[in-house]
Amino acid sequence: MTASPAAPLLDRTTVGPGVDVPQLGLGVFQIPPDQVQGVVEQAIDVGYRHIDTAAAYINESGVGAALRASGLPRDEVVVTTKLRNGDQGYDSTLRACADSLDRLGLDHLDLYLIHWPNPEAGLWPETWRAFERLHEEGTVRAIGVSNFLPEHLRELCRTASVPPAVNQIELHPTHARGDLVALQAELGIAVESYSPLGQGADLALPEITALAEELGATPAQVVLRWHVQHGYVVIPKTTSRDRLVENLDVGALTLTPEQMASIDALDRGHRIGNDPATFSISQIR
Ligand code: NDP
């Protein structure tokens with residue numbers, strides 16, 4: 001397969017020390033293992049160059065198969081995967097990373113994240129030391145975390161030699177995470193929005209549909225453009241080719257400061273996913 005060129009208007013941003021990522025990527029959570037290869041191949045074909053998976057999604061092998069089938073040079077695509085809660089710890093992290101690389105068929109990752117803080121296990125220090133070793137060896141270009149709350153980030157940053165490059169968090173118009181975003185800006189940790197469309201729910205808000213109509217765009221494009229203009233990395237999931245194209249096509253759209261503020265005003269603290277303060281090792285292996 002010969003992939004078409006990367007989407008030309010898509011912004012890129014830098015995370016960590018010099019790791020350049022397309023600001024909009026494809027998330028593959030809940031895409032079944034037998035479908036993921038086809039979806040990722042289509043995504044690459046329409047211009048995606050950034051894929052977000054996780055060991056816990058049980059679909060890394062399909063992502064790897066799609067990357068190989070695309071024929072893309074390795075340095076043209078950014079690949080993120082995540083460490084499962086049950087693999088936190090020093091040796092287990094090193095093993096888990098090797099297993100993920102094996103399933104992906106890659107010799108290095110662009111971004112490797114601790115999937116959940118899982119504070120009850122108390123394994124961050126040794127897990128992060130293993131992340132730092134993987135980074136130092138060049139097995140992982142940038143290391144980061146996911147679902148970390150302000151207190152988790154502060155604690156990690158107190159002992160880390162290499163600070164996390166990103167914190168991937170649930171973030172969408174009705175759950176805008178203002179305090180955490182401000183702290184991440186202060187600590188120099190890039191914001192990566194997951195469930196950026198509120199798993200589709202935020203697209204039906206009357207304020208979003210009205211803006212979409214006014215701009216001649218779709219609700220998803222309005223919401224994704226809001227993330228991009230805030231400077232967030234954003235990883236919407238879809239299995240539909242048309243929506244892959246639609247979601248990527250936000251480079252030419254511009255929201256005015258007033259339009260951005262009207263979306264900011266939709267924040268209700270409405271979390272859809274699990275609570276990072278309590279989500280524990282027993283719930284994701
Ligand atoms: P999203 O906010 O990306 O929403 C996905 C839903 O929106 C799907 O039902 C999809 O349906 C629909 N959708 C996508 N595009 C459009 C469109 N243009 N118009 C209308 N509906 C649309 O939620 P996710 O929870 O999937 O988050 C995205 C990614 O974030 C995940 O795939 C994963 O990579 C990451 N993530 C990370 C987590 C973590 O703990 N670190 C937790 C959760 C997610 P359809 O597929 O039918 O198009």
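This section describes selected strand pairings, helix packing and residue environments in a predicted model.

Near the start of the numbering, strand E1 (residues 12–15) pairs with strand E2 (residues 19–22) in the antiparallel sense, and four bridges connect them. Within this pairing, Thr-13 has Val-21 of E2 as its bridge partner. The two strands make up a hairpin, with three residues separating E1 from E2. The turn contains Gly-16, whose phi is positive at about 60 degrees.

Helix H2 spans residues 60–70 and is mostly covered, with eight of its 11 residues buried. The buried set consists of Glu-60, Gly-62, Val-63, Gly-64, Ala-65, Ala-66, Leu-67 and Ser-70. The elements that cover these residues include two helices, H1 (33–46) and H3 (90–104), and two strands, E4 (50–52) and E5 (78–83). Just after H2 comes Gly-71, which also has a positive phi, of about 70 degrees.

Strand E5, which is part of the cover over H2, runs parallel to strand E6, and four bridges join the two. In this pairing Thr-80 lies opposite Leu-111 of E6. The connection from E5 to E6 passes through H3 and forms a right-handed β-α-β crossover. H3 thus appears both in this connection and among the elements covering the buried residues of H2.

Strand E6 (residues 109–114) is itself mostly covered, with six of its six residues buried. Besides its bridges to E5, E6 has five bridges to strand E7 (residues 140–146), again in the parallel sense. Tyr-112 has Ile-143 of E7 as its bridge partner. Between E6 and E7 the chain passes through helix H4 (residues 124–137), and this β-α-β crossover is right-handed. In a regular strand, side chains alternate between the two faces of the sheet.

Further along the chain, helix H7 (residues 206–215) packs against helix H8 (residues 219–230), their axes coming within 8 Å and crossing at roughly 95 degrees. Because angles of 65 to 115 degrees count as roughly perpendicular, H7 and H8 are assigned to that class. On the H7 side the contact involves Ile-208, Thr-209, Leu-211, Ala-212 and Leu-215, which meet Pro-219, Val-222 and Val-223 of H8. By residue class, this contact comprises seven nonpolar residues, one polar residue and no charged residues.

Two individual residues in later helices were also examined. Asn-247 belongs to helix H9 (residues 241–248). Its relative accessibility is 3%, and Asn-247 is therefore classed as buried, the cut-off being under 20%. With neighbours within four places in sequence set aside, the contacts of Asn-247 are Leu-24, Tyr-48, Ala-220, Leu-224, Pro-236 and Thr-238.

Asp-264 is located in helix H10 (residues 257–264). At 34% relative accessibility, Asp-264 is classed as partly exposed, because this class lies between the limits of 20% for buried and 50% for exposed. Leaving out neighbours within four places in sequence, Asp-264 is in contact with Trp-226 and His-230. The C-alpha atoms of Asp-264 and Thr-174 are 8.4 Å apart, while the two residues are 90 residues apart in sequence.

Technical notes. Residues are numbered from 1 along each chain as its sequence is written. This is a predicted model: local features need pLDDT of at least 70, side-chain atom pairs count only at pLDDT 80 or more; totals for chains, interfaces and linings use all residues. Side-chain values use heavy atoms; hydrogens and water are left out. Two strands pair if DSSP finds at least two bridges between them. Buried means under 20% relative accessible area, exposed over 50%, partly exposed in between (1.4 Å probe, protein chains only). Contact means heavy atoms within 4.5 Å. A crossover is right-handed if, with the strands pointing away from the viewer, the path from the first strand over the helix to the second runs clockwise. Axes are lines fitted to C-alpha atoms, for helices over the stretch in contact, and angles run from 0 to 180 degrees between N-to-C directions. Angles under 35 degrees count as roughly parallel, over 145 as roughly antiparallel, 65 to 115 as roughly perpendicular and the rest as oblique. Ala, Val, Leu, Ile, Met, Phe, Trp, Tyr, Cys and Pro count as nonpolar, Asp, Glu, Lys and Arg as charged, and the others, Gly among them, as polar.
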